Amino acid sequence: DDAGTPRALIVNTSGNSDFGNGGADYLGSLAILKSVTTNSTGLTRFFITPSVVATPSVTTQNEQSYGDGVILRADTVLTSTTAAGNVTFNGVVETSSGVAAGEGDLTLNVAGTTGTTFLGNVGGGTNGGTTGLGSDAATGAAITVLNGDVTFGTNVTSVRIRGDLRI
């Protein structure tokens, strides 16, 4: 393999998967990742700042599949760059309780043909997060979709966002 060949990041743990510690710990920014996959136990927690469209939290060529619940501890931007770059959330997605004011929104810039799929509820506080997804900021969007479709699976019974949904 060439050193510049994109690699898959697979995280398989019985505990929580923490991405970032409040700094600029972007995944796939120096060398783009092929894909990201987390298993179904524990939680995936994002705390990468500042995350904006120009510096996304996670950048992959292909799919991002989060098998467990996802907690946003800061604004989180997920980007994929090819038609195979779909994003799937298999568990509940919510903003962390106690997150800083104006933080905890989700931005999706997904080039995949399927786009983003939520197979678990959005918001609800079931994983120790708040009772909704988003920062609840007066000018903020809880979920911003820059590119790609958004689909909610048949098991989704609740979508609670604190702010706007911008598509």
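Is Ile161 buried, partly exposed or exposed in this predicted model? Ile161 counts as partly exposed, with 31% relative accessibility. The legends below start with the patch around that residue.

**Figure 1. A nonpolar surface patch includes Ile161.** Five side chains make up the patch: Phe152, Val159, Ile161, Leu165 and Ile167. Together they present about 470 Å² of accessible area. Ile161 sits in the loop that runs between β14 (150-152) and β15 (164-166). Its relative accessibility of 31% falls between the 20% limit for buried and the 50% limit for exposed, so Ile161 is classed as partly exposed.

**Figure 2. Arg166 and Asp164 form a salt bridge.** The two side chains meet at 3.4 Å, N to O. Arg166 is partly exposed, at 39% relative accessible area. Asp164 is also partly exposed, at 37%. The protein has 2 salt bridges by the rule applied here. The other one is the subject of the next view.

**Figure 3. Asp18 pairs with Arg45 across two strands.** Their side chains form a salt bridge with an N to O distance of 2.5 Å. Asp18 belongs to strand β2 (residues 17-19) and Arg45 to strand β4 (residues 43-46), so the pair links parts that are 27 residues apart in sequence. Asp18 has a relative accessible area of 42% and is partly exposed. Arg45 is partly exposed too, at 25% relative accessibility.

**Figure 4. Asn86 is a buried loop residue.** Asn86 lies in the loop between β8 (76-80) and β9 (87-89). Its relative accessibility is 17%. That value is under the 20% cut-off, so Asn86 counts as buried. A polar atom of the Asn86 side chain lies 2.9 Å from the backbone nitrogen of Gly115. Which residues does Asn86 contact, leaving aside neighbours within four places in sequence? On one side of it in sequence are Glu63 and Gln64. The others are Val110, Gly112, Thr113, Thr114 and Gly115. Gly115 thus appears both in this contact list and in the 2.9 Å pair with the Asn86 side chain.

**Figure 5. Thr116 is buried in strand β12.** The strand spans residues 116-118. Thr116 has 1% relative accessibility and counts as buried. Residues up to four places away in sequence are left out of its contact list. What remains is Val87, Phe89, Leu108, Val110, Asp149, Val150 and Thr151. Val110 is also listed among the contacts of Asn86, the residue of the previous view.

**Figure 6. The whole chain has 15 strands and 0 helices.** Its C-alpha atoms fill a box of roughly 45 × 35 × 35 Å along the principal axes. The radius of gyration is 14 Å. A compact globule of 167 residues would have a value near 15 Å, so the two agree. Buried residues account for 46% of the 167 residues. Among contacts with a separation of 6 or more, 74% join residues 24 or more positions apart. The chain exposes about 7500 Å². Carbon and sulfur atoms supply 49% of that area.

Terms used. Residues numbered from 1 in each chain as written. Predicted model: local features only at pLDDT ≥ 70, side-chain atom pairs only at ≥ 80, totals over all residues. Heavy atoms only, no water. Helix = DSSP H or I, 4+ residues; strand = E, 2+ residues; numbered from the N terminus. Buried < 20%, exposed > 50% of the residue type's maximum accessible area, 1.4 Å probe, protein only. Polar contact = N/O pair within 3.5 Å; in protein donor to acceptor, adjacent residues only side chain to side chain. Contact = heavy atoms within 4.5 Å. Patch = residues over 30% accessible without salt bridge, like charges linked within 9 Å, V, L, I, M, F, W, Y side chains within 5 Å. Areas by Shrake-Rupley, 256 points an atom, 1.4 Å probe, with all protein chains shown as cover. Salt bridge = Lys/Arg side-chain N within 4 Å of Asp/Glu carboxyl O. Rg over C-alpha atoms; globule rule 2.2 N^0.38 Å.
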